[in-house]
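Me: I'm new to this structure and would like a close look at a single part of it. Could you walk me through it at an easy pace?

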Amino acid sequence: MEITKEEYESLEKLFDSRTAEFRRKDNLLFKNYYFLTEKIKDNLEYLINKHYILGSGIPIDEFFINDSFKGIVINYFKDAVSFSKASNFSIEEKVKACNDISRQLNELHDYGMCFNDIQCDNLLIDKDGGHLIDFDSSTFVESTEYSCRYRLRDNDGNCVLCSVKADLYRALICYLSIFYNIDLEKTLKYNGFLSVSVVSDFFENTSIAELINDTTIDIFSNNKELLPNMEVFLPFISDEERVNYDINILKDKVKTLG
């Protein structure tokens, strides 16, 4: 997409991040990068050329000003909030949002890529469902470029390379976050890393403790069929009485961590 400098500057400016400026036109968001490596640019171009992942913030186009590449165009979800700010949504709406994002993430994996930056701020919810956003860290499955950045540790304290299983494990933590109204990824991160042993300890004595432990075992098994799966948690996190029981336990633990 080619636009003039005047057209770009006429767009509504939303905010600046450390890496880019964001402007909006209707339901489109223009992300103007201050700096972008060729590797990331190549990965984004690969995603642009794939079929659109419905409901996601996957890049849909590049934009240029005076023939100079500036950034990408993505869908803008005006009324969406992050999973860490979704306390006003019903359980049914939260279940739909999690299922939507699970589908979007699986489609990305079908493209041979890992997301590599699963966190509550990159998972949005609105009345239409869930939206996975910010694909800048996505790499091909065999890549180890973001292995240190991904920051997930196994039970032995080893850093886990970017992988489909690691994506799904981190997504599961975010799904639980939206039901318990706690940003678990931020709460349980220590020295920049999310450790599966810390997650297991945190959920001890809750109604899903056994499921968490089973998931921890599954993620590091060699059986590719065993993947972190939200479906097995649904009977627990869809039950308001059980959720409230767990929240009372978890809130006390959050205080001790703080």
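Which helix gives the largest share of the negative patch?

Reply: Happy to help! Please keep in mind that this is a predicted model. The largest share of the negative patch comes from helix α1, residues 5-9, which supplies three residues. The patch lies on the surface and is formed by Glu2, Glu6, Glu7, Glu9 and Asp67.

Let's pause at one of these residues. Glutamate 6 lies in helix α1. Its relative accessible area is 59%, and because exposed means over 50%, glutamate 6 counts as exposed.

Now for the sheet. Six strands form an open sheet with mixed pairing, in the order β1-β5-β6-β4-β3-β2. Strands β1 (2-3) and β2 (12-16) stand at the edges, and each has a single partner strand, so one side of each has no neighbour in the sheet. Further in, strand β4 (residues 28-33) pairs with strand β6 (residues 68-75) in the antiparallel sense, over five bridges. In this pairing, lysine 31 stands opposite isoleucine 72 in β6.

One more stop is the loop between β3 (20-25) and β4, where aspartate 26 is found. Most residues other than glycine have a negative phi. Aspartate 26, however, has a positive phi, near 55°. Its relative accessibility is 58%, so aspartate 26 counts as exposed.

Key. Residues are numbered from 1 along each chain as its sequence is written. This is a predicted model: local features need pLDDT of at least 70, side-chain atom pairs count only at pLDDT 80 or more; totals for chains, interfaces and linings use all residues. Side-chain values use heavy atoms; hydrogens and water are left out. Patches are made of residues with over 30% relative accessible area and no salt bridge: like charges are joined within 9 Å, nonpolar side chains (Val, Leu, Ile, Met, Phe, Trp, Tyr) within 5 Å. Accessible areas come from the Shrake-Rupley method with a 1.4 Å probe; for residues, only the protein chains shown count as cover. A salt bridge is a side-chain nitrogen of Lys or Arg within 4 Å of a carboxyl oxygen of Asp or Glu. Lys and Arg count as positive and Asp and Glu as negative; His and the chain ends are not counted. The place of a charge is taken as NZ of Lys, CZ of Arg, CG of Asp or CD of Glu. Helices (H or I, at least four residues) and strands (E, at least two) are DSSP runs, numbered from the N terminus. Buried means under 20% relative accessible area, exposed over 50%, partly exposed in between (1.4 Å probe, protein chains only). Two strands pair if DSSP finds at least two bridges between them.
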